[in-house]
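Q: Could you take one part of this model and look at it closely, following its contacts outward into the surrounding elements? I would like a single connected account rather than a list.

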Amino acid sequence: MSATIVQLVQGSDAWLAHRRNLFNASETPAVLGLSPWQTPYQLWLVKTGRTETEVTAPMRRGTALEPQARLAYEERTGLIMQPLVLQDGRFSASLDGMTLAGDLVLEVKCPYRGQGSELWQTVEGGEVPAHYVAQVQHQLMVSGASIAHLWVFDGTQGLLKEIKPDPAMHDRIRAAWDAFAEFLDSDTPPAARRCRLSAAR
(Lines give C-alpha, C1' and ligand atoms only; values in the text may rest on other atoms or scores of the structure.)
Protein backbone atom coordinates (compact mmCIF):
# COMPACT_ATOMS: atom_id res chain seq x y z
CA MET A 1 0.00 0.00 0.00
CA SER A 2 1.48 3.35 -1.04
CA ALA A 3 -1.13 5.35 0.84
CA THR A 4 -0.37 6.83 4.26
CA ILE A 5 -2.52 6.17 7.32
CA VAL A 6 -3.70 9.48 8.78
CA GLN A 7 -4.42 9.32 12.51
CA LEU A 8 -7.80 11.05 12.60
CA VAL A 9 -11.17 10.23 14.12
CA GLN A 10 -13.76 10.17 11.36
CA GLY A 11 -16.42 12.82 11.92
CA SER A 12 -14.14 15.03 14.05
CA ASP A 13 -13.38 18.68 13.27
CA ALA A 14 -9.79 17.73 12.44
CA TRP A 15 -11.05 15.08 10.00
CA LEU A 16 -13.37 17.59 8.33
CA ALA A 17 -10.48 20.04 7.96
CA HIS A 18 -8.27 17.27 6.55
CA ARG A 19 -10.86 16.45 3.88
CA ARG A 20 -11.38 20.03 2.75
CA ASN A 21 -8.48 20.20 0.30
CA LEU A 22 -8.36 16.55 -0.72
CA PHE A 23 -10.11 14.35 -3.28
CA ASN A 24 -12.35 12.16 -1.14
CA ALA A 25 -14.02 8.86 -2.05
CA SER A 26 -17.47 10.00 -0.91
CA GLU A 27 -17.19 13.01 -3.26
CA THR A 28 -16.17 11.05 -6.34
CA PRO A 29 -19.78 10.22 -7.38
CA ALA A 30 -20.51 13.96 -7.59
CA VAL A 31 -17.31 14.67 -9.54
CA LEU A 32 -18.32 11.95 -12.03
CA GLY A 33 -21.86 13.30 -12.27
CA LEU A 34 -23.27 10.11 -10.76
CA SER A 35 -24.46 11.32 -7.36
CA PRO A 36 -28.24 11.31 -6.77
CA TRP A 37 -27.83 14.01 -4.12
CA GLN A 38 -25.08 16.39 -5.21
CA THR A 39 -24.09 17.97 -8.51
CA PRO A 40 -20.50 18.91 -9.40
CA TYR A 41 -21.52 22.55 -8.87
CA GLN A 42 -22.89 21.84 -5.40
CA LEU A 43 -19.68 20.00 -4.50
CA TRP A 44 -17.66 22.96 -5.81
CA LEU A 45 -19.60 25.25 -3.46
CA VAL A 46 -18.66 23.01 -0.54
CA LYS A 47 -15.00 22.57 -1.53
CA THR A 48 -14.53 26.32 -1.98
CA GLY A 49 -16.11 27.09 1.39
CA ARG A 50 -19.17 28.84 -0.02
CA THR A 51 -21.54 26.42 1.69
CA GLU A 52 -21.52 23.38 3.93
CA THR A 53 -22.82 19.87 3.37
CA GLU A 54 -26.18 19.42 5.05
CA VAL A 55 -26.27 16.57 7.56
CA THR A 56 -29.54 14.76 6.87
CA ALA A 57 -31.53 12.28 8.95
CA PRO A 58 -30.37 9.34 6.77
CA MET A 59 -26.74 10.44 7.24
CA ARG A 60 -27.17 10.65 11.02
CA ARG A 61 -28.78 7.21 11.08
CA GLY A 62 -25.95 5.73 9.04
CA THR A 63 -23.32 7.19 11.36
CA ALA A 64 -25.14 5.94 14.45
CA LEU A 65 -25.58 2.41 13.08
CA GLU A 66 -22.08 2.01 11.63
CA PRO A 67 -20.44 0.39 14.70
CA GLN A 68 -23.30 -2.09 15.01
CA ALA A 69 -23.17 -2.78 11.28
CA ARG A 70 -19.41 -3.39 11.38
CA LEU A 71 -19.81 -5.79 14.31
CA ALA A 72 -22.52 -7.70 12.43
CA TYR A 73 -20.23 -7.88 9.39
CA GLU A 74 -17.35 -9.20 11.51
CA GLU A 75 -19.62 -11.84 13.02
CA ARG A 76 -20.80 -12.84 9.55
CA THR A 77 -17.34 -13.03 7.93
CA GLY A 78 -14.98 -13.73 10.82
CA LEU A 79 -12.85 -10.77 9.74
CA ILE A 80 -11.66 -7.99 12.03
CA MET A 81 -12.04 -4.57 10.41
CA GLN A 82 -10.26 -1.39 11.46
CA PRO A 83 -11.68 2.01 10.42
CA LEU A 84 -8.93 4.03 8.74
CA VAL A 85 -8.28 7.33 7.02
CA LEU A 86 -5.86 6.93 4.09
CA GLN A 87 -4.16 9.52 1.90
CA ASP A 88 -2.25 9.04 -1.34
CA GLY A 89 -1.18 12.40 -2.71
CA ARG A 90 -4.33 14.50 -3.10
CA PHE A 91 -6.57 11.42 -2.93
CA SER A 92 -8.14 10.42 0.36
CA ALA A 93 -10.38 7.60 1.53
CA SER A 94 -12.09 7.28 4.91
CA LEU A 95 -12.71 3.57 5.26
CA ASP A 96 -15.40 1.98 7.41
CA GLY A 97 -12.99 -0.91 7.77
CA MET A 98 -9.85 -2.54 6.46
CA THR A 99 -8.21 -5.85 7.34
CA LEU A 100 -4.90 -5.76 9.18
CA ALA A 101 -3.32 -7.29 6.08
CA GLY A 102 -4.67 -4.42 3.98
CA ASP A 103 -6.13 -6.72 1.35
CA LEU A 104 -9.83 -6.01 1.90
CA VAL A 105 -11.77 -2.81 2.55
CA LEU A 106 -15.29 -2.44 3.90
CA GLU A 107 -17.95 0.10 2.97
CA VAL A 108 -21.03 0.14 5.20
CA LYS A 109 -24.42 1.49 4.13
CA CYS A 110 -27.40 1.68 6.47
CA PRO A 111 -30.31 2.84 4.28
CA TYR A 112 -32.96 4.89 6.03
CA ARG A 113 -35.79 2.65 4.86
CA GLY A 114 -33.92 -0.57 5.57
CA GLN A 115 -35.07 -3.51 3.48
CA GLY A 116 -37.69 -1.29 1.83
CA SER A 117 -35.00 0.97 0.37
CA GLU A 118 -33.99 1.10 -3.26
CA LEU A 119 -30.42 0.31 -2.20
CA TRP A 120 -31.34 -2.88 -0.34
CA GLN A 121 -33.49 -4.12 -3.20
CA THR A 122 -30.82 -3.30 -5.79
CA VAL A 123 -28.05 -5.11 -3.90
CA GLU A 124 -30.37 -8.01 -3.10
CA GLY A 125 -30.85 -8.30 -6.86
CA GLY A 126 -27.09 -8.62 -7.33
CA GLU A 127 -26.30 -5.08 -8.49
CA VAL A 128 -24.65 -2.03 -6.93
CA PRO A 129 -25.78 1.53 -7.77
CA ALA A 130 -23.26 3.36 -9.96
CA HIS A 131 -22.59 6.08 -7.42
CA TYR A 132 -21.59 3.53 -4.78
CA VAL A 133 -19.46 1.66 -7.30
CA ALA A 134 -17.58 4.91 -7.91
CA GLN A 135 -17.07 5.52 -4.18
CA VAL A 136 -15.80 2.00 -3.55
CA GLN A 137 -13.53 2.02 -6.60
CA HIS A 138 -11.96 5.21 -5.27
CA GLN A 139 -11.36 3.40 -1.97
CA LEU A 140 -9.79 0.45 -3.77
CA MET A 141 -7.60 2.82 -5.81
CA VAL A 142 -6.28 4.64 -2.74
CA SER A 143 -5.91 1.58 -0.49
CA GLY A 144 -4.49 -0.83 -3.05
CA ALA A 145 -6.73 -3.55 -1.59
CA SER A 146 -7.52 -6.53 -3.78
CA ILE A 147 -11.22 -6.65 -2.90
CA ALA A 148 -13.96 -4.57 -1.29
CA HIS A 149 -17.10 -5.62 0.52
CA LEU A 150 -20.20 -3.47 0.39
CA TRP A 151 -22.24 -4.27 3.50
CA VAL A 152 -25.84 -3.03 3.50
CA PHE A 153 -27.30 -3.22 7.01
CA ASP A 154 -30.88 -2.61 8.12
CA GLY A 155 -30.23 -2.58 11.85
CA THR A 156 -30.57 -6.35 12.20
CA GLN A 157 -29.64 -8.08 8.95
CA GLY A 158 -27.05 -7.40 6.29
CA LEU A 159 -26.36 -7.99 2.61
CA LEU A 160 -22.80 -8.46 1.38
CA LYS A 161 -21.68 -7.62 -2.15
CA GLU A 162 -18.11 -8.15 -3.35
CA ILE A 163 -16.53 -5.49 -5.58
CA LYS A 164 -13.23 -6.07 -7.41
CA PRO A 165 -10.82 -3.32 -8.48
CA ASP A 166 -11.45 -1.83 -11.92
CA PRO A 167 -8.28 -0.14 -13.24
CA ALA A 168 -10.21 1.55 -16.07
CA MET A 169 -12.54 3.10 -13.50
CA HIS A 170 -9.55 4.26 -11.49
CA ASP A 171 -8.24 6.07 -14.58
CA ARG A 172 -11.66 7.65 -15.04
CA ILE A 173 -11.73 8.80 -11.42
CA ARG A 174 -8.27 10.38 -11.67
CA ALA A 175 -9.17 12.16 -14.91
CA ALA A 176 -12.44 13.47 -13.47
CA TRP A 177 -10.71 14.83 -10.39
CA ASP A 178 -7.97 16.43 -12.50
CA ALA A 179 -10.68 18.25 -14.45
CA PHE A 180 -12.57 19.21 -11.29
CA ALA A 181 -9.35 20.49 -9.69
CA GLU A 182 -9.11 23.08 -12.45
CA PHE A 183 -12.45 24.53 -11.30
CA LEU A 184 -11.15 24.62 -7.72
CA ASP A 185 -7.76 26.09 -8.57
CA SER A 186 -9.25 28.79 -10.82
CA ASP A 187 -12.23 29.44 -8.50
CA THR A 188 -14.51 28.94 -11.49
CA PRO A 189 -17.74 26.99 -11.01
CA PRO A 190 -18.61 23.98 -13.14
CA ALA A 191 -21.94 24.09 -14.93
CA ALA A 192 -24.85 23.59 -12.56
CA ARG A 193 -26.81 20.41 -13.22
CA ARG A 194 -29.81 18.94 -11.51
CA CYS A 195 -29.38 15.71 -9.57
CA ARG A 196 -31.85 12.87 -9.09
CA LEU A 197 -33.21 12.61 -5.58
CA SER A 198 -33.31 9.07 -4.31
CA ALA A 199 -34.32 7.11 -1.24
CA ALA A 200 -31.44 4.68 -1.77
CA ARG A 201 -29.47 5.96 1.22
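A: A helix here is a DSSP run of H or I with at least four residues, and helices are numbered from the N terminus. With that convention, and bearing in mind that this is a predicted model, the account can begin with His 18, which lies in helix H1. At a relative accessibility of 16%, His 18 counts as buried, because buried means under 20% relative accessible area. Setting aside neighbours within four places in sequence, the contacts of His 18 are with Val 6, Leu 8, Val 85, Gln 87 and Ser 92.

Helix H1 spans residues 13–20, and its buried residues are Trp 15, His 18 and Arg 19. Viewed down the axis of H1, these buried residues fall within an arc of 95°, so they line one face of the helix. The elements that cover them include strand E1 (4–6), strand E2 (23–24), helix H3 (40–47), strand E3 (84–88) and strand E4 (91–95).

Of these covering elements, E4 deserves a closer description. Five of the five residues of E4 are buried, so this strand is largely enclosed by the rest of the structure. In a regular strand the side chains alternate between the two faces of the sheet. In E4 both faces are covered, with Phe 91, Ala 93 and Leu 95 buried on one side and Ser 92 and Ser 94 buried on the other. Ser 92, for its part, is among the residues that His 18 contacts.

The pairing of E4 can be described next. Strands of a sheet pair through backbone hydrogen bonds, either parallel or antiparallel. E2 and E4 run parallel and are joined by two bridges, and within E4 it is Ser 92 that stands opposite Asn 24. E3 and E4, by contrast, pair in the antiparallel sense over five bridges, with Asp 88 standing opposite Phe 91 of E4. The hairpin formed by E3 and E4 has two residues between the strands, and in this hairpin Gly 89 takes a positive phi near 65°.

Beyond E2 the chain leads to Ser 26, which lies in the loop between E2 and helix H2 (28–31). Ser 26 is partly exposed, with a relative accessible area of 39%. When residues up to four places away in sequence are not counted, Ser 26 touches Arg 19 and Gln 135; Arg 19 is one of the buried residues of H1. Ser 26 is also separated from Arg 70 by 44 residues in sequence and by 18 Å in space, C-alpha to C-alpha.

From this region the description can move to the open sheet of four strands, whose order is E5-E6-E7-E8 and whose pairing is mixed. Strand E5 (97–98) and strand E8 (158–163) stand at the edges with a single partner strand each, so one side of each is left without a neighbour in the sheet. Strand E6 (residues 104–109) and strand E7 (residues 147–153) run parallel and are joined by six bridges, and the bridge partner of Lys 109 in E7 is Val 152. Helix H4 lies across E6, E7 and E8 and runs at about 120° to E7. Helix H6 also packs on the sheet, where it touches E5, E6, E7 and E8, and its direction makes about 150° with that of E6.

H4 comprises residues 57–77 and contains Pro 58, which is partly exposed with a relative accessible area of 24%. Pro 58 and Cys 110 are 52 residues apart in sequence, yet the distance between their C-alpha atoms is 8.2 Å.

H6 has a helical partner as well. Helix H6 (residues 130–143) packs against helix H7 (residues 167–186) at an angle of about 95°, with the two axes 9 Å apart; H6 and H7 are therefore roughly perpendicular to each other. On the H6 side the contact is made by Ala 134, Gln 137, His 138, Leu 140 and Met 141, and on the H7 side by Met 169, His 170, Ile 173, Arg 174 and Trp 177. These contact residues divide into six nonpolar, three polar and one charged.

The segment after H7 holds Asp 187. Most residues other than glycine have a negative phi. Asp 187, although not a glycine, has a positive phi of about 55°, and this residue is partly exposed, with a relative accessible area of 41%.

Conventions:
Residues numbered from 1 in each chain as written. Predicted model: local features only at pLDDT ≥ 70, side-chain atom pairs only at ≥ 80, totals over all residues. Heavy atoms only, no water. Buried < 20%, exposed > 50% of the residue type's maximum accessible area, 1.4 Å probe, protein only. Arc of directions from axis to C-beta. Contact = heavy atoms within 4.5 Å. Axes fitted to C-alpha atoms, helices over the stretch in contact; angles between N-to-C directions. Parallel < 35°, antiparallel > 145°, perpendicular 65-115°, else oblique. Nonpolar A, V, L, I, M, F, W, Y, C, P; charged D, E, K, R; others polar. Pairing = 2+ DSSP bridges.
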